[in-house]
Amino acid sequence: MLALCIALGVVWISIAQNWIFLNLFPGILVGPGLKLDDYLQTGSSPAFSVFWGGCITALLIWISVTWSARPVSSSQTRLMQPMWWLAASILVVFGWLCLGWFTIFQWQVTGTNALPGYSSYPVPAGGWLLLMGFVMLDVILLFWLPTLLASPRTYRLVVPGAVTLLGGR
């Protein structure tokens with residue numbers, strides 16, 4: 001199940017998400033002088049690829065910690081829930097930083113121009129909101145869902161929504 005989630009994550013990040021940006025939201029992401037294809041190749045896609053790596057790393061850490069831990073009481077198990085929320089929150093911030101790096105800061109640090117006349121990609125405010133929303137959607141698809149499906153039985157109900165979706169004990 002874990003391998004399937006990772007494979008679907010690769011397809012989502014590299015193919016499906018770019019298709020959605022190109023075909024469903026091109027007007028929201030395109031700013032003045034910005035060609036969406038260029039931005040997806042050198043801005044959005046690298047950012048989401050690095051972000052995917054962060055999600056997989058967090059997922060593997062979660063799996064290794066929960067598979068090797070042996071709680072002796074339910075209170076010890078419940079202590080993992082804040083850790084899950086911390087990991088998910090860090091992933092959201094990491095995703096936003098990846099977008100910021102590949103859209104703005106990379107060009108400032110290297111001293112090159114993303115586009116002629118621009119020191120970064122001119123993504124409009126609505127485009128930023130869309131990209132930030134996709135980071136949160138990616139955390140759901142690339143971290144929440146795999147931790148829900150791949151967590152060992154002892155920690156399965158620690159993942160938010162697990163009791164509702166998988167039922168109680």
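Helix axes are here lines fitted to C-alpha atoms over the stretch in contact, and the angle between two of them runs from 0 to 180 degrees between N-to-C directions. With that convention in hand, the predicted model can be read from its overall make-up down to single residues.

The secondary structure of the protein comes to 7 helices and 0 strands, so that, read along the sequence, the pattern is α-α-α-α-α-α-α. Taken along the principal axes, the C-alpha atoms fill a box of roughly 60 × 30 × 25 Å. Of the 169 residues, 41% count as buried, and among the contacts between residues at least 6 apart in sequence, 71% join residues at least 24 apart.

Helix α3 offers a useful route into the packing. This helix, residues 36-68, packs with helix α6, residues 125-150, at an angle of about 25°, and the two axes lie 10 Å apart. Angles under 35 degrees count as roughly parallel, and α3 and α6 are therefore roughly parallel to each other. Where α3 passes α6, the crossing is right-handed. From the side of α3, the residues that meet α6 include Y39, F48, F51, W52, W62 and W67, while those contributed by α6 include L131, F134, D138, L142 and F143. Sorted by class, this contact has 18 nonpolar, 2 polar and 1 charged residues.

The packing of α3 with α5 can be described in like terms. Here the angle is about 160°, with the axes 9 Å apart. Because angles over 145 degrees count as roughly antiparallel, that value makes α3 roughly antiparallel to α5. The crossing of α3 and α5 is right-handed, and by class their contact has 18 nonpolar, 7 polar and no charged residues.

Which residues touch the most other members of the largest nonpolar core? Of the 43 residues in this core, they are F21, Y39, F48, F51, W62, L131 and F143. At least two residues of the core are supplied by each of α1 (2-23), α3, α5 (80-110) and α6, and α3 gives the most, with 11 residues. Several names recur from the α3 and α6 contact, since Y39, F48, F51 and W62 in α3, and L131 and F143 in α6, were among the residues that meet there.

Y39 can be followed further. Leaving aside its neighbours within four places in sequence, Y39 is in contact with L34, S44, L99, T103, Y121, V123 and L131; of these partners, L131 is one of the α6 residues in the contact with α3.

Two residues of α1 complete the tour. Is Q17, which is found in helix α1, buried or exposed? At 1% relative accessibility, Q17 counts as buried, given that the cut-off for a buried residue is under 20%. Apart from neighbours within four places in sequence, Q17 is in contact with W12, F48, F134 and D138, and of these F48 lies in α3 whereas F134 and D138 lie in α6. A3 also has its place in helix α1, but at 58% relative accessibility A3 counts as exposed, the cut-off for that class being over 50%. A3 and I140 are 137 residues apart in sequence, and their C-alpha atoms are 17 Å apart in space.

Technical notes
Residues are numbered from 1 along each chain as its sequence is written. This is a predicted model: local features need pLDDT of at least 70, side-chain atom pairs count only at pLDDT 80 or more; totals for chains, interfaces and linings use all residues. Side-chain values use heavy atoms; hydrogens and water are left out. Helices (H or I, at least four residues) and strands (E, at least two) are DSSP runs, numbered from the N terminus. Angles under 35 degrees count as roughly parallel, over 145 as roughly antiparallel, 65 to 115 as roughly perpendicular and the rest as oblique. A crossing is left-handed if the near helix is turned anticlockwise from the far one by less than a right angle, and right-handed if clockwise. Contact means heavy atoms within 4.5 Å. Ala, Val, Leu, Ile, Met, Phe, Trp, Tyr, Cys and Pro count as nonpolar, Asp, Glu, Lys and Arg as charged, and the others, Gly among them, as polar. A nonpolar core is a set of buried Ala, Val, Leu, Ile, Met, Phe, Trp, Tyr and Cys residues joined through side-chain atoms within 4.5 Å. Buried means under 20% relative accessible area, exposed over 50%, partly exposed in between (1.4 Å probe, protein chains only).
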